[in-house]
Amino acid sequence: MQTRRLGAQGDSLPEVGLGCMGMSSVYTETDDTAAQRVIERAYELGVRHFDTADVYGPDGHNERLLGRAVRRFRDDVFVATKFGQVILEDGSRVIDGSPEYVRAACDASLARLGTDWIDLYTAHRIDPKVPVEETVGAMAGLVGEGKVRHIGLSEAAPASLRRGHATHPVAALQLEYSLWTRFAEEEHLPLCEELGVAFVAYAPMGRGFLSGTIKASGDIRPGDR
């Protein structure tokens, strides 16, 4: 598998990673045993970049799942997780990018993943109530403490990426990108090239619609999203 460098001076990784969100939430019913087999098989096939988030599944379910699945080869994989989306008791979500929350969320993710460090720690969304410099500054502090190796931003506007990167080098920008989701080509991709920021595309198969497995409306089952 071909490799790509994460940011200007980051790790060299196989260009195909595995996003684990659907193993705990969102699309359809989940099965932990099958999901763990998928993660282990992906590793056998050469995948090294595994992506999760604290909000994928109840009580950090996806982080716990991924942590268990990669435990025996943790030193040989690149674990990425995200923070910032907080689910309230009524099911609604708020964005929290405050420095206090950044630190608390990181410690919670480390515990769920069962690891001493996170390879890529990403702000899942940019908090409009908090200057991005403060959020990134807190993330940079985690790098200094050795809890995080690289920092990233997800769904960040070009201006937020530029400001965040000026505060501390941002290794990666995560954004949806596929044959039918191309807006990243307008500003985000050129800016990533300018700044030396890696671009991590999520939903590259159009959330399954471009995989060739959905050929008729009957292929979508009740409950699928």
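A residue is called buried when its relative accessible area is under 20%, exposed when that area is over 50%, and partly exposed in between. Keep this cut-off handy for the exercises below, which explore a predicted model.

**Exercise 1. Classify both partners of the salt bridge between D107 and K147, and say where each one sits.**

Step 1. Start with K147: its relative accessible area is 24%, so K147 is partly exposed.

Step 2. Turn to D107, which counts as partly exposed at 37% relative accessibility.

Step 3. Look at the contact itself: the closest N and O atoms of D107 and K147 are 2.8 Å apart.

Step 4. Place the partners on the chain. D107 belongs to helix α3, while K147 is in the loop between α4 and β9, and the two are 40 residues apart.

**Exercise 2. Do the same for R4 and E15, another salt-bridged pair.**

Step 1. Find the distance: 3.0 Å separates the closest N and O atoms of R4 and E15.

Step 2. Locate the pair, which links distant parts of the chain: R4 is in strand β1 (residues 3–5) and E15 in the loop between β2 (12–14) and β3 (18–19), 11 residues apart.

Step 3. Apply the cut-off. With a relative accessible area of 55%, R4 is exposed, whereas E15, at 36%, is partly exposed.

Step 4. Put the pair in context: the model has 16 salt bridges. Some join into a network, in which D11, R74, D119 and R149 are linked.

**Exercise 3. Work out how helix α6 is oriented, using its buried and exposed residues.**

Step 1. List the buried residues of α6: H188, L191, C192 and L195.

Step 2. View the helix down its axis. The buried residues of α6 fall within an arc of 100°, so they line one face of the helix.

Step 3. Ask what lies over those buried residues. The cover includes α5 (158–167), β10 (172–176) and β11 (198–202).

Step 4. Now inspect the face turned away from the buried side, where the exposed residues E193 and E194 are found. E194 has a relative accessibility of 52%, which makes it exposed.

Step 5. Follow E194 to its partner. The side chains of R162 and E194 meet in a salt bridge at 3.0 Å, N to O. Because R162 lies in helix α5 and E194 in helix α6, the pair ties together parts that are 32 residues apart in sequence. R162 is partly exposed at 41%.

Step 6. Finish at the end of the helix: G196 follows α6 and has a positive phi, near 75°.

**Exercise 4. Describe the nonpolar cores, then find a nonpolar patch on the surface.**

Step 1. Recall the general trend: in soluble globular proteins, nonpolar side chains tend to be buried together.

Step 2. Take the largest nonpolar core, which has 40 residues; I39, F50, Y121, L153 and L161 touch the most other members. Among the elements giving it two or more residues are α1 (32–44), α3 (99–113) and β9 (148–154).

Step 3. Zoom in on I39. Leaving aside residues up to four places away in sequence, I39 touches L18, C20, M23, F50, L66, A69 and V70.

Step 4. Add the second, separate core of 9 residues, which includes L6, L13, A172 and A198.

Step 5. Move to the surface. L179, W180, M205, F209 and L210 form a nonpolar patch with about 540 Å² of accessible area together. One of its residues, F209, lies in the segment after β11 and is partly exposed at 44%.

Note on methods. Residues are numbered from 1 along each chain as its sequence is written. This is a predicted model: local features need pLDDT of at least 70, side-chain atom pairs count only at pLDDT 80 or more; totals for chains, interfaces and linings use all residues. Side-chain values use heavy atoms; hydrogens and water are left out. A nonpolar core is a set of buried Ala, Val, Leu, Ile, Met, Phe, Trp, Tyr and Cys residues joined through side-chain atoms within 4.5 Å. Buried means under 20% relative accessible area, exposed over 50%, partly exposed in between (1.4 Å probe, protein chains only). Helices (H or I, at least four residues) and strands (E, at least two) are DSSP runs, numbered from the N terminus. Contact means heavy atoms within 4.5 Å. The arc is that of the directions from the helix axis to the C-beta atoms. A salt bridge is a side-chain nitrogen of Lys or Arg within 4 Å of a carboxyl oxygen of Asp or Glu. Patches are made of residues with over 30% relative accessible area and no salt bridge: like charges are joined within 9 Å, nonpolar side chains (Val, Leu, Ile, Met, Phe, Trp, Tyr) within 5 Å. Accessible areas come from the Shrake-Rupley method with a 1.4 Å probe; for residues, only the protein chains shown count as cover.
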